[in-house]
2 protein chains.
Amino acid sequence: MSGKRPTLADVANRAGTSTAVVSYVLNNGPRPVSDLLRAKVMSALDDLDYRPDGRARALRRPRRWRQIGLLVPDLTLPLFGEFVGRIEVEARARDHLTLIGNTGYDPERELEFATAFAEVGVDGLLVVGAANAPQTANLCRRERIPVVWMHNIRGAVEADIIGVDHVSAGELIAGHLRDVHNCRDVAFVGGVTAADVRHGDRETVQQRLEGVASVVGQDLPIIRTDLTPSGAYGAVSAILREGGPPSRALVVGTYGQTAATIRAVADAGLRIPDDVRIVGFDGAATDYGRPRLTTVQQPVDVLARAALGRLLGENPSTRGQFVPTLRVGETCGCVVSTPPG
Amino acid sequence: MSGKRPTLADVANRAGTSTAVVSYVLNNGPRPVSDLLRAKVMSALDDLDYRPDGRARALRRPRRWRQIGLLVPDLTLPLFGEFVGRIEVEARARDHLTLIGNTGYDPERELEFATAFAEVGVDGLLVVGAANAPQTANLCRRERIPVVWMHNIRGAVEADIIGVDHVSAGELIAGHLRDVHNCRDVAFVGGVTAADVRHGDRETVQQRLEGVASVVGQDLPIIRTDLTPSGAYGAVSAILREGGPPSRALVVGTYGQTAATIRAVADAGLRIPDDVRIVGFDGAATDYGRPRLTTVQQPVDVLARAALGRLLGENPSTRGQFVPTLRVGETCGCVVSTPPG
DNA sequence: TTGAAAGCGCTAACAT
DNA sequence: ATGTTAGCGCTTTCAA
C-alpha cells in the first residue's frame, strides 16, 4: 500500500500473529512454530513481499562483519582493479566488507560517495586517487570516520598518504634508460596542465615527469595530451608525422596510454625498441604482451596491507611511502630470455 | 577496559550529560549546545575514541541508500573490472551502494560472502560467474534476498541467468575464420576437464568450445591447459616444439590466456597472423595492442542494466540471453586501417 | 506453541 | 540549554 517497506509487524498483523512468531519462521528458530501458523506467516510474507531490514537485524544480532568504503577513480584500469582486489582481501581478513565506488576522478562524485558511505555507516574510508581530499576529509572528521589516502591525492596539505613515491618511479625508469641503454634522449608523453585534463591523475603524471626530468634534464621534450589513450595516440602520431621520432626513447606517464603510444609508433612504421624505446608505469604483474613492456610497478599487496593496518588502527606507525620497482621487459631495449609466468 | 565499543550512553556518562546532547554535538544540531558542555563532550568523545554505529544510526535516519552485494571471480581481469564498474553505476542510479567480493571461483568463499552480505542486510545479490550456485541460491531463498546470476553459473539447473550466449560466441568467431578467411583448420586452446582446473570458468570455456566445434567440426584439436596464462603458454609452446603449428588458427578459450598464446607462438618464431591466426574472447573495449586482437565481446553495459533491472524488480520480463559481437582486429588475418579509439 | 515486551545504539520530539 | 524518553525494525527472553 503505502510507499513504505513492510515490517515484521505488518507481516504479523496480516498473519494474525505476533512478530515473535514471524521471526521464528524467518530464522527457523529458536522456537518451533506450528505448521498451520507457519503457512499463514509464509503467505503473508509473500503477499507483502517482505524483506528483512539488515540494519535493524544487525543491531540485535552479535555482528561479525563491519564495513569500509573504498573509492577508486576507474575500475576498468588494471592497476585499480588490482588495488580493489587486494584491499578487499585485506579488509575481509579483518572482518570488514568492502563498499566500492567509482569516482571517475570527479570531485563531486567523490563527496557524494563519501556521504553515502557515511549514511550507511562505514567504519573507515579508503580513497585511492583522491580528487576532492579537503572536502572529503572534512566530512570524515565531522562523521568521525577514519580515512586513509592511497596512490595520490589532489589538493590536500595535511594528509599523509600511503603509496609509492612517483618521483622516484620516474627517476628509476629514466635511470634505467640512462645507465643501461646509455640513452638520455628522452621525451615524456603525458598531460600535465589542468587545461589538458578535466578529470584524471594529473598530479601523479606530474610527479613522474619530475622524476624523469631530474635524471635526463629539465628541458626534455614533453608530448602534451589529455590522459586518454586516444589522446596519446593522436599526440604521438602528430609528432611523428611532423618529422621523425623526436627522441630515442618515450616515457609514457600513465598506464592506459602506453599501449596507445606503442601502437602510434608502430603505425608510423618505426620499430620498438630499435628505433624508439618505450617505457611506462603500472604494468600488470605478469605481462604476455609483445614486445614485453618495461615498467615501474607498485607493490600493490604491500600497499593494501599497510593501508588497512592504518585504517583499522592496528598499525598507526607504518611509514606511508613505499618504493616502486622496475620490471624490465623488451620495449626499453633489454633482451629478456626467461619466459614470463 | 571491556572489549565493547563505547556507545553514546558511555560518552554521555563520561561527560556528565545526556545522550541527546552528545547527539547534538555530533550532528551539529538540531539543538544548540553551550560551549562548555560541547567541549566536555568532545573530550569524552576523544577519550573513548567513540565511533558511531552506522547501523543504529541508519535505523533512525531517513535512509536513502540501500545496498546490493556483488560477487566476482577475479577483479584483476579486465572483463570483470568492467562488469563491476558498470554494475556499480547502474546500482547507484537506483540508490543502491555496491558491496563487492572476490570469490576467486572458490565455492566456499562464494558462500561465505553471501552469508556476510546477508548479515549486513543487502537487498539483492548479483553473482558474476557463480561457483556455488545451488548453495548460494538456497541461502538467498532462506534469507529472502533476490539473486541474479550473470555471465555463467556452475551447477545450477533452475536458474535464469543474464549473460551472453557463449556457444554462439564460439560460433561467431569460428564462423569468421571460416567465412572470411576460408580457414577451418582450427585448434582450441583451453582447459576443459575438472581435473585441469580447480577453480575457474570451466563451463564458459566448454560452451565456447562447443560453438567452435559446431562450425569447424567436432574433431578439432584441443590444446589442453588449466585456465592460467602460464598454463597456456606452456601447453602451446609444448605443442609447437613437438613439430610445427598444429593448425592454421588458434581459438583461445579465455581472455587471460590469449596474450600468453600470442607470446608462445611468437617466441616459437612464428608470425601472426601469417603463420598462425589467433582469436579469442572478451577483449577490452578499446585495444591498442599490437597486433590488434580479434575477439568476441560482451555488451557489458547492456548486461549490467538488465541485471539490475531484474534484481531490483523493475523489469521482471527482460530476456536474459544476450548476443555477443565480433570485434575484428588483425590477429585473425584481417587488415584494419582505422586507428583505434 | 504462542504472545508481550525488553532492548540493540541512535535521533529528535517533547519536556523542562 | 539540557534532560527524558519514544521509537526505528528486529531478535529473544520471559510469561502464559
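Analyst: Buried area is the accessible area, for a 1.4 Å probe, that two parts lose on being put together, summed over both. The model discussed here is predicted.

User: How much area do chain B and chain A bury between them, and what share of it is on carbon and sulfur atoms?

Analyst: About 6,200 Å² is buried between chain B and chain A, with 53% on carbon and sulfur atoms. The definition sums over both parts, so this value covers both sides. In chain B, Arg55(B), Arg144(B) and Tyr288(B) lose the most area to chain A, together 15% of what that side buries.

User: How many residues of each chain are in contact?

Analyst: Chain B contributes 66 residues and chain A 65. The cut-off for contact is heavy atoms within 4.5 Å.

User: What makes β1(A) and β2(A) a pair of strands?

Analyst: Pairing needs at least two bridges. Strand β1 (66–72) and strand β2 (96–102) of chain A share seven, in the parallel sense, so they pair. One of the partnerships puts Gly69(A) with Leu99(A) in β2(A).

User: What is the strand order in the sheet of 12 strands?

Analyst: The order is β11(A)-β5(A)-β4(A)-β3(A)-β1(A)-β2(A)-β2(B)-β1(B)-β3(B)-β4(B)-β5(B)-β11(B). The sheet is open and its pairing is mixed.

User: Why are β11 of chain A and β11 of chain B called edge strands?

Analyst: Each of these strands, residues 321–322 in its own chain, pairs on one side only.

User: Which strands does helix α6 of chain A lie across?

Analyst: Helix α6 (107–120) lies across β1, β2, β3 and β4 of chain A, together with β1 and β2 of chain B. Its angle to β2(A) is about 155 degrees. Angles run from 0 to 180 degrees between N-to-C directions, so the helix points largely against β2(A).

User: What about the sheet of six strands in chain B?

Analyst: The order is β7-β6-β8-β9-β10-β12, open, with mixed pairing. Its edge strands are β7 (222–223) and β12 (325–327). Strands β9 (277–281) and β10 (294–297) of chain B run parallel and are joined by three bridges. The minimum is two, so they count as paired. Phe281(B) stands opposite Val296(B) in β10(B). Helix α11 (255–267) of chain B lies across β6, β8 and β9, at about 165 degrees to β9(B).

User: How do you know that Tyr24(A) makes a polar contact with DNA strand C?

Analyst: A polar side-chain atom of Tyr24(A) lies 3.3 Å from a base oxygen of DNA strand C. The limit for N or O atoms is 3.5 Å, so the pair qualifies. Ser34(A) passes too, because its polar side-chain atom is 2.6 Å from a phosphate oxygen of DNA strand C.

User: What places Tyr24(A) and Tyr50(A) in polar contact with DNA strand D?

Analyst: For Tyr24(A), a polar side-chain atom lies 2.9 Å from a base oxygen of DNA strand D. For Tyr50(A), the corresponding value is 2.4 Å, to a phosphate oxygen. Both values are within 3.5 Å, so both are polar contacts.

User: What parts of DNA strand C lie within 4 Å of the protein?

Analyst: Of those atoms, 59% belong to sugar or phosphate and the rest to bases. By class, the protein surface near DNA strand C has 14 nonpolar, eight polar and six charged residues.

Key: Residues are numbered from 1 along each chain as its sequence is written. Chains are lettered from A and ligands numbered from 1 in the order in which they are written. This is a predicted model: local features need pLDDT of at least 70, side-chain atom pairs count only at pLDDT 80 or more; totals for chains, interfaces and linings use all residues. Side-chain values use heavy atoms; hydrogens and water are left out. A residue is near a molecule or strand if one of its heavy atoms lies within 4 Å of it. A polar contact is a pair of N or O atoms within 3.5 Å; within protein, one must be able to donate a hydrogen and the other to accept it, and residues adjacent in sequence count only if both atoms are side-chain atoms. Ala, Val, Leu, Ile, Met, Phe, Trp, Tyr, Cys and Pro count as nonpolar, Asp, Glu, Lys and Arg as charged, and the others, Gly among them, as polar. Helices (H or I, at least four residues) and strands (E, at least two) are DSSP runs, numbered from the N terminus.
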